[in-house]
Each structure stands twice: as structure tokens, then as C-alpha cells.
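The questions below ask why particular labels are given to parts of a structure. Each answer sets a value against the cut-off behind the label.

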Amino acid sequence: MKTMKDSKSVCEKSFVASHIKELPKSGIRKFFDLVNTMDDVISLGVGEPDFTTPWTIRETGIFSLEKGHTAYTSNLGTPQLRRAICRYVSDNYHADYDPMKGCIVTIGVSEALDIAMRTLLNPGDEVIYTEPCFVSYPAEIRMAHGVPVAVETFAKDGFALDPVRLAQAITSRTKAILLNFPCNPTGAVMSRARLEEVALLAVKHDLVVLTDEIYSELNYGEPHVSIASLPGMAERTIFLHGFSKAFAMTGWRVGYACGPAEIIDSMMKVHQYSIMCASTMSQEAALEALTSRGGREMLKMRESYRRRRDLMVAGFNRIGLKCLMPQGAFYAFPSIESTGMSSTEFAEKLLKDEKVAVIPGCAFGACGEGFVRCCYAAGSADISEAINRIGRFVAAGKKK
Ligand code: PMP
């Protein structure tokens with residue numbers, strides 16, 4: 001009898017669609033499969049808060065179940081949560097969206113990105129985004145039959161998007177620009193002046209802007225500016241945000257998109273047929289995050305990240321790995337060029353020799369080569385010990 005294992009020899013063709021077959025697996029996942037086989041590793045790898053969700057939010061989730069709120073909600077999400085989201089976006093980002101027609105609650109920013117791409121793109125449409133970037137962007141675009149077009153950013157420019165390079169990347173097939181500031185993995189932010197130049201290009205070429213603001217509360221320098229707040233931009237901007245990072249809620253899987261009514265109504269169709277609605281319990285917990293003490297808890301967490309950022313960045317510069325001061329998110333992106341190793345070689349050897357896990361910069365796009373991403377949402381003692389070990393590793397490499 002043939003078993004499942006033999007099925008490849010029975011079926012000549014692959015059942016997998018070619019655009020999915022061609023997708024590379026995330027460089028981060030591959031690396032963590034290796035980390036998971038080892039003991040006593042200090043991990044600066046995973047990009048998520050090291051806090052548990054604040055108690056008031058957890059308690060609301062528990063009460064939601066206790067009260068028996070176990071049914072579906074409206075496809076768009078509960079009206080209470082959508083109203084709170086639009087108020088939050090208006091108060092904090094100065095962009096006004098209609099809670100009944102311009103807002104949809106999703107399963108994290110991940111789903112919001114997915115349904116936005118599937119809603120906007122015809123096959124072959126191009127989406128411009130900055131690199132190094134969150135690993136999902138090119139894959140999300142490809143899965144929606146679009147064409148990812150990366151614009152490189154550079155350490156000498158603080159990894160901000162250069163509008164001149166953006167203008168050069170625009171073609172007659174460009175449909176959208178995808179922004180992520182503060183940026184994963186560089187921690188870069190964008191000044192209002194630069195955003196204004198991006199906005200002018202979007203208007204001139206009649207493009208949609210998607211702005212992934214998932215790290216926007218974790219901003220340590222100048223006040224955060226959203227491109228959605230610039231004159232004439234809310235009507236062409238899809239504002240993507242969620243609760244994972246600011247409120248330490250990665251596992252609750254809740255986020256949202258705010259945008260023009262026509263686009264949100266169409267995104268709702270994709271969401272309705274593939275998802276139905278975000279988890280009811282998570283939506284109630286998210287409402288608590290926005291309306292009660294969630295904000296105060298978030299500020300405390302941000303202050304703690306800031307202290308750990310300073311510790312990590314000073315440490316890297318002390319041991320001779322040049323590192324810019326990231327202005328947002330919770331990632332440092334030091335250059336490892338001085339070691340003469342590629343970023344993959346550096347990360348693999350460091351893991352083997354010193355048991356510290358960092359992510360090779362090339363996982364975030366080709367121009368991430370020469371850097372590694374280190375998440376400072378880790379304990380201060382672990383950060384100090386990791387820096388000592390990396391320092392020893394770098395010094396040992398120099399002696400060879
Ligand atoms: N966007 C960026 C830039 C991210 O870094 C992440 C998660 N690492 C996401 C989106 C996905 O977040 P969520 O948990 O809301 O799906």
C-alpha cells in the first residue's frame with residue numbers, strides 16, 4: 001500500500017501554485033529552528049515585547065469569556081472598538097476616519113496587510129516599499145499577485161526613505177507605496193519634511209499609501225508624524241495599526257485598518273470570506289487597552305525600552321560595532337562590516353561560539369547585508385551579558 005510519503009513518486013506534478021512555491025521561507029524562521037535546538041541561548045532575535053499584557057487588559061479578556069461573549073461580532077469588528085480606534089487615531093495621529101465605514105478590525109496588522117494587498121492589486125501591479133524591511137512585505141505583495149519594488153535605505157541617511165530614490169522607482173504600474181516608520185528592523189523614523197515629499201509624489205502619481213504604524217507609540221525622539229495626517233492624505237492612505245507591540249498583545253492577534261470607505265468596504269469582503277471577524281475576546285481586551293489604563297502602561301513599557309536601547313547601543317559602539325541610535329521600535333541594527341564576515345556567517349558563528357542569537361540583516365532584504373538585528377525587548381542583564389559575549393567574539397575574530 002502506498003503511504004503519504006510515497007505520494008511524490010505517484011504524482012508527477014506539484015500541487016502547489018508556482019507563485020507560492022517560489023516564495024522563500026522567512027530567514028528569521030530558518031534561524032530560529034536552529035536556535036530552538038540549543039540550550040542557554042541569549043536571544044536578541046524575536047521581535048516582540050518581553051512584557052506580559054498589562055493586567056487590566058488581560059482581566060477584560062477573562063471577563064469577556066466569563067460573561068459568555070463567545071459569539072461572532074460584526075465582520076468589521078464591534079462598533080465600540082471601531083469608535084475607540086477612530087478616536088485614538090484622530091487624537092494621536094491627527095487623521096480622521098469614519099468608525100462605521102472607514103475602519104475594520106483584523107487579526108493583527110498581518111491580516112490587515114494581507115487583505116489590503118488582495119483588495120488593491122491587479123496582477124502585475126507594483127508596490128514600492130523600503131528595504132531593509134519587515135520580512136512579510138515582499139511575500140504579502142507576491143501572494144496578492146503584485147510585484148514588490150524595494151527602495152534601499154542607508155545607514156548614512158539614518159535608514160530614512162529618500163524621496164529622490166522613491167521618485168525613481170515609480171512606474172506606470174505602481175499602485176501603492178508601503179511605509180513602516182518607526183521601522184523594523186532599523187528603528188528609523190521619518191521627518192515631517194520627508195513625509196511631505198512622499199505625500200507630494202503619491203498625489204502626483206495618484207498612488208495609494210499604506211502606512212504600517214505598528215511601532216508608532218514606541219518613538220523616542222521627535223513626536224511621531226503619520227503621513228495620514230498630512231493635507232489630502234487620509235483619503236488615499238490606509239492606516240494599519242494594532243495592539244501587538246505598544247500594548248504587549250502579540251498573542252491576542254488583533255489589529256486594524258482605517259482608510260477611505262470604498263477601500264475598507266472592499267477589504268471587508270476579503271475579510272468576511274476568509275476570516276469572518278477578529279476574536280471577540282481579543283476585541284474586548286483591545287477596547288480596554290485604548291480606553292482605560294492601557295495608555296499609562298504603554299508609557300511605562302516605552303520608558304523601559306528606551307533605557308534598554310541606550311544600554312545596547314552604547315554597548316555595541318564600545319565593542320567596535322558601529323550602531324546608530326534607533327529613534328523608534330525596539331531594534332538596534334549594528335554594522336558588522338568591520339568583522340569581515342557576512343551577516344549570516346556572523347549570526348551563525350556567534351550562535352555556535354557564544355550562544356547569542358541575533359538575526360542576519362540580509363533576512364530583511366539584500367541591503368541589510370553587513371548588519372544584524374538585535375531586539376532590545378530583553379532583560380538588561382541579558383543585554384549586558386550578550387554585549388560582553390559579542391565583544392569577546394569580535395575580538396577573537398580580529399586575532400585570527
Ligand atoms: N508590521 C511590522 C513592521 C512588524 O514588525 C510586525 C510584527 N513583527 C507586524 C507588522 C505584524 O504584527 P501583528 O502582530 O499585528 O500581526
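Q: Why is aspartate 157 called partly exposed?
A: In this predicted model, aspartate 157 has a relative accessible area of 27%, and since buried means under 20% and exposed over 50%, the residue belongs to the class in between and is therefore called partly exposed.

Q: What makes aspartate 157 and arginine 194 a salt bridge?
A: The closest N and O atoms of aspartate 157 and arginine 194 are 2.9 Å apart, and because the criterion asks for a side-chain nitrogen of Lys or Arg within 4 Å of a carboxyl oxygen of Asp or Glu, the pair qualifies as a salt bridge. The two residues are 37 residues apart and link distant parts of the chain, with aspartate 157 in the loop between strand 4 (147-152) and helix 8 (163-169) and arginine 194 in helix 9 (residues 192-204). Arginine 194, at 21% relative accessibility, also counts as partly exposed.

Q: Which class, buried or partly exposed, fits lysine 175, and which fits aspartate 125?
A: Lysine 175 has 25% relative accessibility and counts as partly exposed, whereas aspartate 125, at 7%, counts as buried, because the limit for a buried residue is under 20%.

Q: How do you know that lysine 175 and aspartate 125 form a salt bridge, and what does the pair tie together?
A: Their closest N and O atoms are 3.5 Å apart, which is judged against a limit of 4 Å, so the contact is counted as a salt bridge. Lysine 175 lies in strand 5 (residues 174-179) and aspartate 125 in the loop between helix 6 and strand 3 (126-131), so the contact ties together parts that are 50 residues apart in sequence. A search of the whole structure finds 13 salt bridges, and those that share partners join Asp125, Arg173 and Lys175 into one network.

Q: Why are glutamate 297 and lysine 300 said to be separated by about one helical turn?
A: They are three residues apart in helix 12 (residues 294-318), and for that reason the separation is about one helical turn. Their side chains meet in a salt bridge at 3.6 Å, N to O, and lysine 300 counts as exposed because its relative accessibility is 54%, the cut-off being over 50%.

Q: What makes the phi of aspartate 206 worth noting?
A: Most residues other than glycine have a negative phi. Aspartate 206 has a phi near 55°, a positive value in a residue other than glycine, and is found in the loop between helix 9 and strand 6 (208-212). At 57% relative accessibility, aspartate 206 counts as exposed. Lysine 355 likewise has a positive phi, near 55°, in the loop between helix 13 (343-354) and strand 10 (356-357), but with a relative accessible area of 29% lysine 355 is partly exposed.

Q: Which peptide bond at proline 182 is called cis, and what is its omega?
A: The cis bond joins phenylalanine 181 and proline 182, with omega about -5°. The bond from asparagine 184 to proline 185 is also cis, with omega near 20°. Proline 182 lies in the loop between strand 5 and helix 9, and proline 185 is placed in the loop between strand 5 and helix 9 as well.

Q: What makes the contacts of serine 110, serine 244 and arginine 253 with the ligand polar contacts?
A: A polar side-chain atom of serine 110 lies 2.5 Å from an oxygen atom of the ligand, with corresponding values of 2.7 Å for serine 244 and 2.8 Å for arginine 253, and because the cut-off is within 3.5 Å, each of these pairs qualifies. The protein covers 92% of the 400 Å² of accessible area that the ligand has on its own.

Q: Why are strand 9 and strand 11 said to stand at the edges?
A: Three strands form an open, antiparallel sheet in the order 9-12-11. Strand 9 (331-332) and strand 11 (359-360) each have a single partner strand, so one side of each is left without a neighbour in the sheet.

Q: How do you know that strand 11 pairs with strand 12?
A: Two bridges join strand 11 to strand 12 (residues 372-375), and because pairing requires at least two bridges, the criterion is met.

Technical notes
Residues numbered from 1 in each chain as written. Predicted model: local features only at pLDDT ≥ 70, side-chain atom pairs only at ≥ 80, totals over all residues. Heavy atoms only, no water. Helix = DSSP H or I, 4+ residues; strand = E, 2+ residues; numbered from the N terminus. Polar contact = N/O pair within 3.5 Å; in protein donor to acceptor, adjacent residues only side chain to side chain. Areas by Shrake-Rupley, 256 points an atom, 1.4 Å probe, with all protein chains shown as cover. Buried < 20%, exposed > 50% of the residue type's maximum accessible area, 1.4 Å probe, protein only.
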